[in-house]
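Trainee: Could we go through this structure together? I would like to learn how its descriptive words are earned.
Mentor: Gladly! Ask away once it is in front of us.

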Amino acid sequence: MTDHITTQRRRLSLLAGAATATTLAVLAGCAKPPPPPPPPPPVVVIPPMPAPPMGAPLDMTIPPVDAAGVRHTVNYGISTSQAVWNFRSAYNVAALNCVEAQYAPILDGYKRFLKVYAKSLDKANKEIDASFRTQHTGRAATVARETYQTQVYNFFSLPPVDSGFCKAAMDVSVELATVDPSQFESWSFGGLAKLEAPFKDFFNVYEQYRADLAAWQARYGGGQIVVRPTIEQASARPQTVALPPQSGSQ
């Protein structure tokens with residue numbers, strides 16, 4: 001009898017242990033898994049700082065544009081005689097600077113130009129002298145004209161535009177061979193505009209560079225970049241990326 005009771009107790013004990021194990025297993029299965037780690041912060045790719053076009057300086061003065069969109073270069077609002085003389089100056093710069101073999105026709109064309117249109121050039125020169133004498137007296141008239149003419153030569157000697165300028169001078173040389181001397185004065189405005197066109201194109205591109213640089217500095221040049229989280233990272237704190245201090249005026 002005693003052995004029977006002992007056996008029953010052992011069975012009950014085993015059943016209780018099995019029930020406990022089963023309960024623990026069920027409870028373990030209902031437990032929530034740990035939350036996944038937060039996603040990594042977004043990668044910030046900082047684009048290169050915009051560079052000046054055509055190897056130009058980081059900062060330079062360019063002729064302004066008025067409200068009508070007209071750029072006020074040294075050739076703006078000039079007389080016919082001054083247009084003739086400025087064309088001569090520009091063509092002279094091309095003959096001196098466009099020395100590569102493919103530009104040889106420019107020098108030949110310039111030499112022809114001086115001979116074929118000598119009368120128009122002489123007339124323009126005298127009219128310009130008279131104009132400056134009405135605005136200045138004595139030596140001041142000569143200084144004023146030379147100062148202006150230096151500005152014209154410097155305008156057409158801008159290194160970043162050399163290639164485009166030489167190509168324009170090549171085209172003008174071809175066209176000029178068909179211009180009758182009696183028509184040269186009226187043609188000079190158009191010829192001058194064609195030699196000036198690559199410079200105006202450069203100024204437009206340079207202004208775009210300035211705008212791009214200002215936008216880059218506003219976004220990336222302040223010393224820190226705040227990287228805002230994506231929707232999935234809304235609960236995370238904004239990340240910051242330190243940048244080196246901005247060097248000088250760009």
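Trainee: Why is K123 called partly exposed?
Mentor: Buried means under 20% relative accessible area, exposed means over 50%, and partly exposed is in between (1.4 Å probe, protein chains only). K123 has 41% relative accessibility, so it counts as partly exposed. A word on the background: this is a predicted model, where local features need pLDDT of at least 70 and side-chain atom pairs count only at pLDDT 80 or more, while totals for chains, interfaces and linings use all residues. Residues are numbered from 1 along each chain as its sequence is written, and side-chain values use heavy atoms, with hydrogens and water left out.

Trainee: What makes K123 and E185 a salt bridge?
Mentor: The rule asks for a side-chain nitrogen of Lys or Arg within 4 Å of a carboxyl oxygen of Asp or Glu. For K123 and E185, the closest N and O atoms are 3.5 Å apart, so the pair qualifies. This pair links distant parts of the chain, with K123 in helix α4 and E185 in helix α7 (residues 184-220), 62 residues apart. Helices here are DSSP runs (H or I, at least four residues), numbered from the N terminus.

Trainee: How many salt bridges are there by this rule?
Mentor: The count comes to 7. One of them joins D122 and K126, whose closest N and O atoms are 3.3 Å apart. D122 and K126 both lie in helix α4 (residues 118-135), 4 residues apart, about one turn of the helix.

Trainee: Why is K126 called exposed?
Mentor: K126 has a relative accessible area of 54%, which is over 50%, so the word fits. Its partner D122, at 38%, is partly exposed.

Trainee: Why are E196 and K200 about one helical turn apart?
Mentor: Because they sit 4 residues apart in helix α7. Their side chains meet in a salt bridge at 3.5 Å, N to O.

Trainee: Is E196 buried or exposed, and how do you know?
Mentor: E196 has 6% relative accessibility, under 20%, so it counts as buried. K200, at 31%, counts as partly exposed.

Trainee: What makes Q149 buried?
Mentor: Its relative accessible area is 10%, again under 20%, so Q149 is buried. You will find Q149 in helix α5 (residues 139-155).

Trainee: Which residues is Q149 in contact with, leaving aside its neighbours within four places in sequence?
Mentor: Q149 is in contact with Q82, W85, N86 and S89, where contact means heavy atoms within 4.5 Å.

Key. Helices (H or I, at least four residues) and strands (E, at least two) are DSSP runs, numbered from the N terminus.
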